[in-house]
Structures are given as structure tokens and as C-alpha cells.
Amino acid sequence: AAAALGHLGGATAVRPLAQTLATAKESDEIRELGSALGSLPSDRATDQAILAEIKGAQGDARARLIAALATRPSPQVTTFLLEEAGNPDPAVAKAAYRVLARAGAGDARLYRSCAGAAGTPAPDLPPVNQVLMADRMAA
């Protein structure tokens, strides 16, 4: 049902998917709901609705919602992710870095941008390819 909603829904489908994702317990359910949220039609209204849900969430729920942005490349989403990379919650910052790493796939300029957004000197951050490798090993 979540997958169908992800392909057919729009901005109005964001809240039910986001709320269900935020409270999901099983990893398969989390993955399916995140995929559905990321698969919603790409338009400004849907992106804004997703970002609004993220801004209203905290902790693991916020990190899960951020992870769903991996398939939603847009300037608005990238700007938001760069801001979230500096979030004081490590789970949230890590989720933002992972999405940015997937989008940048080793792009040194993106790496430096992430560092600047987080207010951390670039040498103190893991290289983007290490983040990608950690993701592949965790999968």
C-alpha cells in the first residue's frame, strides 16, 4: 500500500507516510515507507511538504525522514541537507551527510560544502567515499 501511495500520491500523501515512517518499528517497514516517501512525484509542493514534516520531527524520526530525501535531488532539498548536516543530533547529521554523499558520490566540492555547513573543518570529516563504503557495508 505504501509503495502504491508513493507512486500515486503527492503533497497530500506526505503527512500520512511521514507519520507512519516516524513510528515504524520493523526495518523492512522503515525501508518501504522511506522508499514510498522518496518516490512521491517530484514537485515543489511535495518537497515543501516533506521538508515541513522533517522540521517538525526530532531524533530518529527526523533522521528517517531525511534519509527519504536521497531520491529527491533539488536545490531546495540540497540546501536543507547542508543545513541539517550541522544538526547537533548525531543521527540527524549522519543521515544528512549520507544523503549528500550519495548525491555527490565523491565530489570534493560537495564534501567541502558539507564541512562548511557543519561548521567543521574538512579534514575532521570522513571522506565521502568512506561514508558511502560504510553504507554499503551496513546494507
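Where does Asn-87 lie? Asn-87 sits in the loop between α6 and α7, and we will come back to that loop after a walk through the rest of the chain. Keep in mind that this is a predicted model.

Let's begin with the overall plan. The protein chain holds nine helices and zero strands, so its elements, read from the N terminus, run α-α-α-α-α-α-α-α-α. The chain has 139 residues, and 42% of them are buried. If you take the contacts between residues at least 6 apart in sequence, 58% of these join residues at least 24 apart.

A good place to start looking is α2. Its pairing with α3 has an angle of about 155°, and the two axes are 9 Å apart. Because that angle is over 145 degrees, α2 counts as roughly antiparallel to α3. The crossing of these two helices is left-handed. To find the contact on your screen, pick out Val-14, Leu-17, Ala-18, Thr-20 and Leu-21 in α2; they meet Glu-29, Ile-30, Leu-33, Gly-34, Ala-36 and Leu-37 in α3.

Now turn to the pairing of α2 with α4. Here the axes come within 8 Å and cross at roughly 25°. An angle under 35 degrees counts as roughly parallel, and therefore α2 and α4 are described as roughly parallel to each other. This crossing is right-handed. From α2, the contact uses Ala-11, Val-14, Arg-15, Ala-18 and Gln-19, while α4 brings Ala-45, Thr-46, Ala-49, Ile-50 and Glu-53. Val-14 and Ala-18 are thus named in the contact with α3 and again in the contact with α4.

Thr-12 is also in helix α2. Is Thr-12 buried or exposed? With 75% relative accessibility, Thr-12 counts as exposed, because the cut-off for that label is over 50%. Thr-12 and Ala-45 are 33 residues apart in sequence, yet their C-alpha atoms are 9.3 Å apart in space.

Next, look inside. The largest nonpolar core has 32 residues, and the members that touch the most others are Leu-37, Ile-54, Leu-65, Ile-66, Leu-69 and Leu-81. At least two residues of this core come from each of α2, α3, α4, α5, α6 and α7. The largest share, six residues, belongs to α7. Ile-66 gives you a view of this core from one side chain: beyond its neighbours within four places in sequence, Ile-66 is in contact with Ile-54, Phe-80, Leu-81, Glu-84, Val-92, Ala-95, Ala-96 and Val-99.

A charged residue is worth a stop too. Arg-72 is found in the loop between α5 and α6. Its relative accessible area is 1%, which means that Arg-72 is buried. The side chain of Arg-72 makes a polar contact of 2.7 Å with the side chain of Asp-47, and reaches the backbone oxygen of Gly-38 at 3.2 Å. Not counting residues up to four places away in sequence, Arg-72 also touches others, including Leu-37, Leu-40, Pro-41, Thr-46, Ile-50 and Val-77.

Finally, back to Asn-87 in the loop between α6 and α7. A polar atom of the Asn-87 side chain lies 2.8 Å from the backbone nitrogen of Asp-89. Leaving aside neighbours within four places in sequence, Asn-87 is in contact with Arg-62, Val-92 and Ala-93. Val-92 is also one of the contacts of Ile-66.

Note on methods: Residues numbered from 1 in each chain as written. Predicted model: local features only at pLDDT ≥ 70, side-chain atom pairs only at ≥ 80, totals over all residues. Heavy atoms only, no water. Core = buried A, V, L, I, M, F, W, Y, C linked by side-chain atoms within 4.5 Å. Buried < 20%, exposed > 50% of the residue type's maximum accessible area, 1.4 Å probe, protein only. Helix = DSSP H or I, 4+ residues; strand = E, 2+ residues; numbered from the N terminus. Contact = heavy atoms within 4.5 Å. Polar contact = N/O pair within 3.5 Å; in protein donor to acceptor, adjacent residues only side chain to side chain. Axes fitted to C-alpha atoms, helices over the stretch in contact; angles between N-to-C directions. Parallel < 35°, antiparallel > 145°, perpendicular 65-115°, else oblique. Left-handed = near helix turned anticlockwise from the far one by under 90°.
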